[in-house]
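Reader: I'd like to learn how to read a fold from a model like this one. Can we go through it feature by feature?

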Amino acid sequence: MPQPHATIIGAGIVGVSSAAFLQRAGYRVTLIDRLPPGEGCSFGNAGGLAFAEIVPPIHPRILLKIPGWLMDPLGPLTIRWSYLPKALPWFLAAGRNALPARVAAITEARANLALRVVADFETLLRDAGSTDLLKYEDTLRLYDNEQQFAAEANERAVKKTYGYEMKRLSGGECRELEPALSPHIHCGTFHGGWYFVTDPERTVKTIAEHVVRQGGEIIADDVVRIAREGTTAKTLVLKSGRNIALDKLVICGGAYSHLLARQLGEKVLLEAERGYHMVLPNSGVKLSRSITYASTPGAATPMDMGLRLAGSDEFAGLEAEPNWARADALWKIFKKILPTLNEPDSATTRWMGRRPGTPDSLPVIGPSKTVSNVWYGFGHSHMGLTWGPTTGRLISELMTGTRSNIDLAPFRVDRF
Ligand SMILES: Cc1cc2nc3c(=O)[nH]c(=O)nc-3n(C[C@H](O)[C@H](O)[C@H](O)COP(=O)(O)OP(=O)(O)OC[C@H]3O[C@@H](n4cnc5c(N)ncnc54)[C@H](O)[C@@H]3O)c2cc1C
């Protein structure tokens, strides 16, 4: 039998993970991306393997906070008002998904996806010979006062039912672990068994390099069209004018994936949830672990290149210019809990990335419903680093007819 071949659009964490798992399953693979591997959204995330984040980010408690957030142009969530009409169907669907019954079903699906996150990540990094990129270190969530801590009781209870238990620490205990923390911190929650990567871009590049060493090919080009014959995707038309004949196609195009799915007659609600980071190589702060702060979504992570402050959620479409004041706002937030944090200097970098967000906070993983030789892996929003390797494994299982360990129905492409 000839060796099967898969073409994968997108060399972010999801695309390279799919390529690597498909190679393990006996496929020859070709990755196509207009950017070098790991230079899309996967470049600049907070590095957390956030498998315990099973409660979706939009749920009834957060719904009540959203109007306040939207009033503040530099708040954690913003929409450029001129963009609202375009994003309205997404927001309406997100609202429906914030109803308690939907939140429970989405939580269950997210918990299932989390089951093998660490094992799948370790498999890929072990194959690539770079397990040092993955740091096994607990994480701390910090609270200014008792009200803030009490407000999250329900989320903690839900996590506990799925086996993720967080231990409460006093402010003093938090500072014993991280002396850089402000004396005003009232308490924290300690999450054992956590992981983060010390360089998200290098993580993707390392997996991509391994794929190439195993005989995979990477083409630097833009896919402009998927040409079909009946229910088969036949050819990719690239911007350079080159045509790529298809055996099987996997679409892992991050925040651009809906544009490709639309060419196959599939309607997906996908919005770019634009996040920002600031990296301070000279931060003046020594952290041993990643921290989050309950007053605003976001994380501070000690990485190889410096302290990375990451967060923010901006709805402005794919093409709008970045608003760098949002990256600067992250500094102001973390300065509150890290008083020795230095001012940004000439070595400081700022970045904006487009999270591929669905209105139910679940990715699309599975076969196309209109075309027989296409599979999807996109829509991972805030969780792509975490779920990327597992998505790659699931796609390879689907494409080889291997039974998967979880129910994949919540991730189907025709749910929108
Ligand atoms: C500030 C911030 C913090 C985050 N923190 C975390 C975290 O701590 N943990 C976590 O799990 N997740 C986190 N995330 C989310 C995570 O980074 C994303 O979910 C993930 O990177 C998405 O990966 P991807 O492979 O789907 O997309 P990308 O990395 O964007 O890859 C998609 C690729 O497809 C290419 N592409 C698309 N269309 C075409 C085309 N037509 N032709 C050629 N190429 C194409 C693009 O160029 C791109 O390189 C964070 C995100 C942000 C912005």
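Reader: Let's start small. In which sense do E3 and strand E9 (residues 195–197) pair, and over how many bridges?

Author: A bit of housekeeping comes with that. This is a predicted model, where local features need pLDDT of at least 70, side-chain atom pairs count only at pLDDT 80 or more, and totals for chains, interfaces and linings use all residues. Residues are numbered from 1 along each chain as its sequence is written. Helices (H or I, at least four residues) and strands (E, at least two) are DSSP runs, numbered from the N terminus. Two strands pair if DSSP finds at least two bridges between them. The general idea is that strands of a sheet pair through backbone hydrogen bonds, either parallel or antiparallel. Here E3 and E9 pair in the antiparallel sense over 2 bridges, with glycine 48 opposite phenylalanine 196 in E9.

Reader: What is the strand order in that sheet?

Author: E3-E9-E5, an open sheet of 3 strands with antiparallel pairing. Strand E3 (48–49) and strand E5 (134–136) are at the edges with a single partner strand each, so one side of each has no neighbour in the sheet.

Reader: And the sheet of 6 strands: what order does it have, and what kind of pairing?

Author: That open sheet runs E10-E2-E1-E14-E21-E20, and its pairing is mixed. Its edge strands, strand E10 (217–220) and strand E20 (364–367), each pair on one side only. On average, neighbouring strands are turned by 20 degrees against each other, direction ignored. For angles in general, axes are lines fitted to C-alpha atoms, for helices over the stretch in contact, and angles run from 0 to 180 degrees between N-to-C directions.

Reader: Which way do strand E1 (residues 5–9) and strand E14 (residues 248–251) run?

Author: Parallel, joined by 4 bridges. Isoleucine 8 sits opposite valine 250 in E14. Helix H1 packs on this sheet and touches E1, E2, E14 and strand E21 (374–378), and its direction makes about 170 degrees with that of E2. Touching has a cut-off: two residues are in contact if their C-beta atoms, placed from the backbone, lie within 7 Å.

Reader: How many residues of E15 are buried?

Author: Burial is a neighbour count. A residue is buried if 20 or more other C-beta atoms lie within 10 Å of its own, exposed if 12 or fewer, and partly exposed in between, with C-beta atoms placed from the backbone. For E15, 10 of its 10 residues are buried. In a regular strand the side chains alternate between the two faces of the sheet. In E15 both faces are covered, with Glu271, Glu273, Gly275, His277 and Val279 on one side and Ala272, Arg274, Tyr276, Met278 and Leu280 on the other.

Reader: What are the bridge partners of glutamate 273?

Author: Arginine 355 in E19 stands opposite glutamate 273, and in E18 the partner is phenylalanine 315. E15 pairs antiparallel with E19 over 9 bridges and with E18, also antiparallel, over 7.

Reader: Why is strand E8 (residues 187–191) largely enclosed by the rest of the structure?

Author: Because 4 of its 5 residues are buried. Strand E6 (residues 139–143) pairs antiparallel with E8 over 5 bridges, and strand E7 (residues 167–170) runs antiparallel to E8 with 4 bridges. Threonine 189 in E8 is the bridge partner of arginine 141 and stands opposite arginine 168.

Reader: Now helices. At what angle do helix H5 (residues 117–128) and helix H12 (residues 384–400) cross?

Author: At roughly 80 degrees, with their axes coming within 8 Å. That makes H5 roughly perpendicular to H12; angles under 35 degrees count as roughly parallel, over 145 as roughly antiparallel, 65 to 115 as roughly perpendicular and the rest as oblique. Val117, Asp120, Phe121 and Leu124 in H5 meet Thr386, Trp387, Pro389, Thr390 and Arg393 in H12.

Reader: Is leucine 113 buried or exposed?

Author: Leucine 113 is buried, with 25 other C-beta atoms within 10 Å. Its place is in helix H4 (residues 100–114). Not counting residues up to four places away in sequence, leucine 113 touches Trp387, Thr390 and Ile406.
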